[in-house]
Every structure is written in C-alpha cells, then in structure tokens.
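Student: I would like to learn how to read the pockets of a protein. Can we work through a case?

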Amino acid sequence: FRIEAGKRPELWLEAFSLAHEKEQRIRGVLVGGGRMLGAVKEWIVQRGLTGTVYLAGESDDVAAWLSEMDVFLFTSMTEGLPNVLIEAQGFGLPVVSTNVGGVPEVVQDEETGILVSSSSAAELSQAIVRLLESPKLGELRDKSISNARDNFSVRSMIQKTEDIYSRALCSSLGSV
C-alpha cells in the first residue's frame, strides 16, 4: 500500500505487534512505498519487530506477495472501493479491516474477513489472531475467492451493467 498517513501504517504496525505478542509465529509484510517509509522503518526498530516485519518496497509483482500471505490487514482511515481488497480476496486472503467507506461492499463481515468498527489496534489484533486460529480459515479463503470472482470480475461487472440497462429499458417501455 501507499505508506501515507491516510493508510495509517502506524496502526497497522501496532495491530500487527499486538497480534505477534499473542502468536509469535506470525510475520508481516508491507508491500509499497511512500512518504512515511522512513518513519515506518523507525517504528519497526522501536517496536522490536526487525526480522518480524519485512518491508518489501514497491513491487510490480504483488501477486507473488499475496500468494504468500494468510490474512490481509487493511487499516485505511477512509476508502472508496478498495481494489487491493478485491485482489487480496481473489488470492483467497480473508481480510481484517477497519470498517470505512466502501470496505463493507468488498468484505463480507464474518464471511470473507472481519470488519472492525473502531480504530483500535487491540481489536484489529484480536481479529487477526482469531482468523489465523479459526478452524474455518479454509472456508473463509474459499468464500473470499468466490466473493472476488462472483462480484468483482469483468464478467460480473458486464452482467450487472446489462441487468441495469435491461431494467431501465423495460421500465421506459412499460411507461410508454
């Protein structure tokens, strides 16, 4: 992601750090760059997360990184329709996210991830651990893939557009 204030990288690191305290095996990866990259590097050192959080930098091969993940953590302050969450789900990644903007249009709470209503690092970390420990993790992965493909694929978008035009046409013909 863009490592900028609106994406709240400090909240991401705080939530990850708390989750890591509960489950020492987890590792974090931040793919992207931005104005706050230097601050993020400092925060990683200050929190003792060197070797636990990897800064991948900007990458054209995001798919390779997504295929290595188990859960996708998203901490934006505001958001439209977050394509990155569609992409993550397309790779079978359940999402833990703040419940902002268009995120609920992409993430089905308790079906394809967990939406957290507050900006609480503690709540986000609990959601991360809960997903990782869930016996339904495989089911969540499958539902995430289905959600991305069924609702956000090009084929799905074309079908929805055709349906809208058909309803509009039927409606206008019915009022003639």
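Tutor: Start with the classes of the residues that line the pocket. This is a predicted model, and the lining of its largest pocket has 17 nonpolar, five polar and 10 charged residues.

Student: How much space lies in the largest pocket?

Tutor: The space in the largest pocket comes to about 800 Å³. Its lining is made of 32 residues, and the closest to the centre are Trp12, Gly28, Val29, Met69 and Val71.

Student: Which elements give two or more residues to that lining?

Tutor: Three strands and helices to look at early in the chain are helix 1 (9-22), strand 1 (28-31) and helix 3 (62-66). Further along, strand 3 (72-74), helix 4 (83-90) and helix 6 (121-133) also give two or more residues each.

Student: Which element has the largest share of the lining of the largest pocket?

Tutor: Strand 1 does, with four residues.

Student: How should I read the second largest pocket?

Tutor: Take the same steps again. The volume is about 160 Å³. Among the residues that line the second largest pocket are Glu110, Glu111, Arg130, Lys136, Glu139 and Lys143. The lining also includes Gly113, Ile114, Leu131, Ser134 and Leu140.

Student: How many of its lining residues fall in each class?

Tutor: For the second largest pocket, the count is three nonpolar, two polar and six charged.

Student: Where in the fold do the lining residues of the second largest pocket come from?

Tutor: At least two come from each of strand 5 (113-116), helix 6 and helix 7 (137-152). The largest share, three residues, belongs to helix 7.

How values were computed
Residues are numbered from 1 along each chain as its sequence is written. This is a predicted model: local features need pLDDT of at least 70, side-chain atom pairs count only at pLDDT 80 or more; totals for chains, interfaces and linings use all residues. Side-chain values use heavy atoms; hydrogens and water are left out. On a 1 Å grid over the protein atoms alone, a cavity is a set of points where a 1.4 Å probe fits but cannot get out, and a pocket is an open set with protein on both sides within 12 Å along at least five of seven lines; lining residues have an atom within 4 Å of a point. Grid points are joined across faces, edges and corners, and a volume is the space filled by probe spheres set on the points. Ala, Val, Leu, Ile, Met, Phe, Trp, Tyr, Cys and Pro count as nonpolar, Asp, Glu, Lys and Arg as charged, and the others, Gly among them, as polar.
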